[in-house]
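Biologist: Please take a close look at the annotated active site in this model. I would like to know where its residues sit and what surrounds them, and then how other parts of the chain compare in setting.

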Amino acid sequence: MRKVIVAGNWKMNKTAKEAGEFFAEFKPLVKDVKNAGIIIGAPFTALETAVRETKGTNIKIAAENMNAKESGAYTGEVSPLMLKDLGVEYVILGHSERREYYGETNEIINEKVKSALAHDLKPILCIGEKLEEREANTTEDVVKSQIIGGLKDVTADQMANVILAYEPVWAIGTGKTATPAQAQEVHAFIRSLLTDLFGAQVAENVTVQYGGSMNDGNAAELIAQKDIDGGLVGGASLVPAKFTVIVKAGDAVTK
Ligand SMILES: O=C[C@H](O)COP(=O)(O)O
């Protein structure tokens, strides 16, 4: 059995004050959620507030990025030690916006994944093809190289602490969701690749989220697919009521 996890990714949104307001509204809405995991990815400046406001609740907090190094002359960067010190449990790595705008390669992302695991932070590793790659029928090749590259030297045991998020880049922030069948097809491919890499038992237990214009209207149908184990939600995670509908869609499903 694997866990359905619904994660929000606020991206570069919400001040610490706005984060506090979000949690004041969101916590009572999801307090009865038992089965689904709930994670909020918040910007660095809101992490301290997010951790404080969710202490003792069923909500976990993720950073949206980190440097692989522990400390040093890396102006503007944030290390795994700093995130651990704040009480952060998860870190989103390899998001397509990091790959696209900040030049993150599979090698860089792999260093971050290994560092996160070494520091007891759980990575949410994002993968997904661009529109031109889908149109060129290279979706599986792209996803395969992102998984093999991103998870290089990660052990089968460590995979218990890794979440994957399949996010077709053409569906992110565009309102264009992959159809449940399109998404399931890639998720099934990811599961078979994980079986090849880590064995059937590990592959069966890894949470593989879908991301890309998931919202309160389409989440239930997406998460109902056999290999879609929750979501990584951008825009719709900014609004407590909308995000709650998605969390509850995940909570209603057992995998
Ligand atoms: O990490 C989240 C994804 O980029 C999806 O964003 P979106 O839900 O706004 O399309």
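Modeller: A residue is called buried if 20 or more other C-beta atoms lie within 10 Å of its own, exposed if 12 or fewer, and partly exposed in between. The model is predicted, and that cut-off is applied to its coordinates below.

The active site comes from a record: the unreviewed UniProt entry lists His95 and Glu167 under "active site". These two span 73 residues in sequence, yet their C-alpha atoms are no more than 8.5 Å apart, so they gather at one spot.

Take Glu167 to begin with. Glu167 is found in the loop between strand S6 (163-166) and H8, the helix made of residues 180-198. Glu167 counts as buried because it has 28 C-beta neighbours inside 10 Å. Leaving aside neighbours within four places in sequence, Glu167 is in contact with Ser96, Cys126, Gly128, Ile172, Gly211, Gly212 and Leu232.

The other listed residue, His95, is placed in the loop between strand S4 (90-93) and helix H4 (96-101). His95 has 28 other C-beta atoms within 10 Å and is therefore buried.

Next, the ligand. It is surrounded by 14 residues, of which the closest are Asn9, Ile172, Gly211, Gly234 and Gly235. Ile172 and Gly211 also appear among the contacts of Glu167. By type, the shell around the ligand divides into five nonpolar residues, eight polar and one charged.

For a loop residue in another setting, consider Lys69. Lys69 lies between strand S3 (59-63) and helix H3 (80-86). With 15 other C-beta atoms within 10 Å, Lys69 is partly exposed. Residues up to four places away in sequence not being counted, Lys69 touches Tyr74 and Ser79. The C-alpha atom of Lys69 is separated by 11 Å from that of His119, 50 residues apart along the chain.

Finally, a helix. H7 covers residues 139-150, 12 in number, and reaches 16 Å from its first C-alpha to its last, close to the 16 Å expected at 1.5 Å a residue. Its buried residues are Thr139, Val143, Gln146, Ile147 and Gly150. Seen down the axis of H7, these fall within an arc of 95°, so they line one face of the helix. An α-helix has 3.6 residues a turn, so residues three or four places apart point the same way. The buried residues of H7 pack against helix H5 (106-118), strand S5 (122-127), helix H6 (131-135) and helix H8 (180-198).

Definitions and conventions
Residues are numbered from 1 along each chain as its sequence is written. This is a predicted model: local features need pLDDT of at least 70, side-chain atom pairs count only at pLDDT 80 or more; totals for chains, interfaces and linings use all residues. Helices (H or I, at least four residues) and strands (E, at least two) are DSSP runs, numbered from the N terminus. Two residues are in contact if their C-beta atoms, placed from the backbone, lie within 7 Å. The expected span of a helix is 1.5 Å times one less than its number of residues. The arc is that of the directions from the helix axis to the C-beta atoms. A residue is near a molecule or strand if its C-beta atom, placed from the backbone, lies within 6 Å of it. Ala, Val, Leu, Ile, Met, Phe, Trp, Tyr, Cys and Pro count as nonpolar, Asp, Glu, Lys and Arg as charged, and the others, Gly among them, as polar. UniProt positions are given in the numbering used here, feature names are shortened, and annotations may be inferred rather than shown by experiment.
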